[in-house]
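Let's take a walk through this assembly, one piece at a time. Keep the viewer open and follow along.

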Amino acid sequence: MFPGILFAGAVGLLFAGIDRKLTGHMQNRIGPPIWQEFLDVGKLFGKEDITPTAANSFVFNCAPLLCFGAIMAVMLLLPINSSQPVLTSVGDLIVIIYLLNIPAVCMMLAGYASGCPFGTIGSSRYMVQLLGYELAFIIAALAAAAKVGWSLSLSSIVSYQAQNGWMVSQVALIPAAIAILIAAQGKLLRAPFDIPEAESEIVHGSLTEYSGPKLGILRIAYDIELFVVAAVIVVLFFGGPVPHTIYGIYIPGVVGFLIKCLGIVVLSTVIRNIAARLRIDQALKFFWTFPTLLAAISLFLVVVT
Amino acid sequence: MNANEVAQLIKRYADDVKIVGARQVFAATDKERYIEALTALVDNDLRHLTTITGVDRGDNVDVIYHIHCGESLLNLKLSVPKTSLEIETVTDIFPGATLYERELMEMLGVQVKGHPDPRRLFLPDDWPAGKFPLRKEAKK
Amino acid sequence: MTFIIPIGPQHPALEEPAHFRIEVKGEEIVGVDLRLGYNHKGIEQGLSDRSYAHGLYLSARVCGICNSTHSLAFTRAVESVAGIECPDRARYIRVIDAELERIHSHLLWAGVAAHEIGFTTLFMLFWRDRELSLDMRELLFGQRIYASGTYLGGARVDIKEKDIPQLIRTLNKLEKSVKHYIDVCTSDRTIIARCSGVGVLKKKDARELCAVGPTARASGVDFDIRRDDPYAAYGEIPFDVIVEQDGDVFAKVVVRLREILESIDIIRQAIDAMPKGAIRTKFPENVPENEAVGRTEAPRGELMYYVRSNGTNKPERVRIRTPSYANWPSVRPMLVGGTIADIPIVVASIDPCFSCTDRVTIIDTKTGKSRIMTKEELRRLRK
Amino acid sequence: MPRILPDVLKNLFRKPATVKYPKQRRALPENFRGKPVIDKEKCISCGLCVKVCPDNAITLDEKTKKPRIWMGLCMMCGRCAELCPRKVFTMSKEFELATYNKYEAMSE
């Protein structure tokens, strides 16, 4: 089924690979090859499956699958090729925002269940961070929805943009776009908000105890999340999938869509390479002031005009 | 403070004061006067204790306090006989001396009376009590 | 209610083993206890088992990063025990060796600090430029880390005239990039957020706890052995001692980075002022009975060697006081009152060098066995 | 605007600083201290090298009485090369000394 596991997985892993390669070049090193993420995940699946005795095995084993399932569900709800997602009738913005939080919740559960102090600290930090970025993310998304007359359906947002141009081209929505990009940085745990998995402080946070196939699944889920979050932003603010015809050749919407997603990922890569990791209290303070304020201004402007 | 001033200052508390190479002052004191000497140094705002060295000299252990005095270095030597290896702590005068005194205790077996935290610092926990690695007899 | 978080001996924030018991109340740190000794090498005893000439190489192996200054301090103590003056040219070569080491050590530290606060790009860039200083050590002295420019009674190798233009070029390049990094570090808001006001060591504490080096200088203690007790050619080269007043991690970053610029300047002056002539005097086999202290300003602070000779070719007692060891007591006031997230950067901010700290004990019974094994290895070798 | 941003963007289009080591090699300086090589022809078996080696890495072969260095102990300080009266030792530029059997890592 398109866009199914294979498509989403391939794109997610490829994006993560591009991210790593670009990071390498930005740091004046060579970096891994673009397909390195495939090799890494493949290697993880070839490893022995270990569950630490201290870990609560049911939650610990289920968390990766739940995480992966939730992120795949979002994939099906996004309009990727045309303005219509694969599953049409059920999905709207609220469901997507809800489903996008399940991976975070899974990681927290995983961290608490792993019985490891680093996992516990990572999970509690993740929870605080979730409180921070989610507010900005939701308000910014609502601002876009308000523009199309409080329609929470993604397909109507996409068709609105097909007629009236991208959301970011409207002055009222530029602050919201900036806010959602910052919130996405927090959602994807990338610097300066990689606090829950700060490797010099708490090893790998929630995922410290994971190894082998379970870590592989989490890794794929994380990489797809990278793609999905970029996709949500593209759908909400950057026009979504629009088919083009150039020199008489029909180019399906998915091509432009993927390019736009890649643009978002590259932007996020640049941000993560020019910042130090904040402390959790500083991050929360930052999220509740700057991006939330921007998003609120946007929502206000949209509602008033 | 240059070497001559330090020599003047320490003369009251120590014998055998000599200046070596223009910047180093060596002096020998004894158990009665060394606390007074160190207090006098701190009163003159010489607060930097570089370190405390212990040297096994056979029958006695030399405890040397190296004090940085601005332009010069004062090496105040205190000879403690091995029969009563006990000195008073200087942590109340130089709070930075804690680790040096702990090292002195475990490496040379000098008992430092009144030390706030007389645990081992470097040696492993299962090191036999009463064996001191930097003593001469440990070499054999 | 307080509870205790153990950090180490193995922990990702620590490059080398040390064990902290950190007492926390919620997120706030209320107490710190430290356990050292996981890296014992027995060097003090080892030095008194070796002749002076061989001890020079062992003293350099106390610490990999600051090896030149260790051998320099040892040489200084031994030379004053033996009453030897080293030739003028050698003194300048020693300065160049020590300052190149300071540059590479400070850049290494800056990279580690950037890594501790999660700034990977800066970490990579610092370490990229650190290569320049290592290349210079290789060019002048033959090896990147163990340059060993010092020799008892002089310098080991002479600096060739034809290498100097390349050295100057590299220094210019380094100066440009370090200036840029100072710009970056003092303007980047995330760095300021993580470093400013964190891990404050007050001037009073720094003086009472006898802190040394950049740790003390960042707290406003004006203390530099290069100026207070000049050795090698430092007495003839004018330079500034960098002092900052704030005492936080940010001040330590600034002090170290500005010291790099100062070091570059010192090397340039040393090259210009370097006289021609011999680089060595003869060092006697046996050294008369005497005692002396040799101090140098290592990248991490005041380094002290006390040497007592007994008329033979081996010292009777060598005492080493390394700068990291002197700075450990200062970690406590820096950590207490902070949060858990600050532990890595605060501990890193004194630039702890564990191999410097743990160098005292002699071989215990277990390693005593492995020593016998080494002999067997040697015997096997000789067959 | 973060000051590091121009660097990051510039680096994107710059050649990486990495030296792809086994394929690419940096030129080593003249006085590089690598594995000491022994010219046995010149040796007069005086045994000074055995004495001066700080690591006791040098031994004289029992039969031929010529020196050999166990690279497992050698730290390439260059003392033997410097003090040998006949200049038997030279510090080569060879530094890749990894081996499967450390007892066979000899310089003879």
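**A tour from hairpin to interface**

In the hairpin of β4(B) and β5(B), two residues sit between the strands, and B:Gly70 takes a positive phi near 70°. That's a handy place to start, with the reminder that everything here comes from a predicted model. The two strands of this hairpin, β4(B) and β5 (residues 72-81) of chain B, run antiparallel and are joined by 10 bridges. If you want a pair to click on, B:His68 has B:Leu73 in β5(B) as its bridge partner.

Now look at the other neighbour of β4(B). Strand β3 (residues 48-56) of chain B is also antiparallel to β4(B), with eight bridges between them. Here B:Thr51 stands opposite B:His66 in β4(B). These two strands form a hairpin as well, with three residues between them, and B:Gly58 in that turn has a positive phi of about 95°. As for β4 (residues 60-69) of chain B, that strand is mostly covered, with eight of its 10 residues buried. Keep in mind that strands of a sheet pair through backbone hydrogen bonds, either parallel or antiparallel.

Let's move over to chain C. Chain C has 383 residues, and 58% of them are buried. Its secondary structure comes to 15 helices and eight strands. Sequence-distant contacts figure heavily here: of the contacts between residues at least 6 apart in sequence, 71% join residues at least 24 apart.

Within chain C, find the open sheet of three strands, which has the order β6-β7-β8 and antiparallel pairing. β6 and β8 of chain C are the edge strands, each pairing on one side only. On average, neighbouring strands in this sheet are turned by 15° against each other, direction ignored. Between β7(C) and β8(C) there are six bridges in the antiparallel sense, and C:Met304 has C:Arg321 in β8(C) as its bridge partner.

Which helices lie across these strands? One is α3(C), which lies across β6 and β7 of chain C and runs at about 150° to β6(C). Another is α12(C), which lies across β6, β7 and β8 of chain C, at about 125° to β7(C).

It's worth staying with α3(C) for a moment. This helix covers residues 67-82, 16 residues in total, and reaches 22 Å from its first C-alpha to its last, close to the 22 Å expected at 1.5 Å a residue. Why call α3(C) largely enclosed by the rest of the structure? Because 15 of its 16 residues are buried. Just after α3(C) comes C:Gly83, with a positive phi of about 70°.

Next, how do the chains meet? Four pairs of chains are in contact, and chains B and C share the most contacts of these. Chain C gives 29 residues to that contact and chain B gives 31 residues. On the side of chain C that touches chain B, the elements giving two or more residues are α1 (43-48), α8 (203-208), β6 (290-298), β7 (301-309), β8 (315-321) and α12 (323-335) of chain C. So the strands of the sheet you just traced turn up again here, along with α12(C). The largest share of that side, four residues, comes from β7(C). By type, the residues of this side of chain C divide into 11 nonpolar, five polar and 13 charged.The contact of chain D with chain A takes 10 residues from chain D and nine residues from chain A. The chain D side of that contact has seven nonpolar residues, two polar and one charged. Chain D itself has a mean pLDDT of 85, with 99% of its residues at 70 or more. Some pairs of chains do not touch: chains A and B have their nearest C-alpha atoms 26 Å apart, and for chains B and D that distance is 20 Å.

One last stop, in chain A. A:Ala70 lies in helix α3 (residues 57-77) of chain A. Is A:Ala70 buried or exposed? A:Ala70 counts as buried because 21 other C-beta atoms lie within 10 Å, and the cut-off for buried is 20 or more. Leaving aside neighbours within four places in sequence, A:Ala70 is in contact with A:Leu99, A:Ile102 and A:Pro103. A:Ile102 is 32 residues away from A:Ala70 along the chain, yet their C-alpha atoms are separated by 6.2 Å.

As for the scores of the model, ipTM is 0.86 and pTM is 0.87.

Methods:
Residues numbered from 1 in each chain as written. Chains lettered and ligands numbered in written order. Predicted model: local features only at pLDDT ≥ 70, side-chain atom pairs only at ≥ 80, totals over all residues. Contact = placed C-beta atoms within 7 Å. Nonpolar A, V, L, I, M, F, W, Y, C, P; charged D, E, K, R; others polar. Buried ≥ 20, exposed ≤ 12 C-beta atoms within 10 Å, placed from the backbone. Expected span 1.5 Å × (residues − 1). pLDDT = per-residue confidence, 0-100. Pairing = 2+ DSSP bridges. Axes fitted to C-alpha atoms, helices over the stretch in contact; angles between N-to-C directions.
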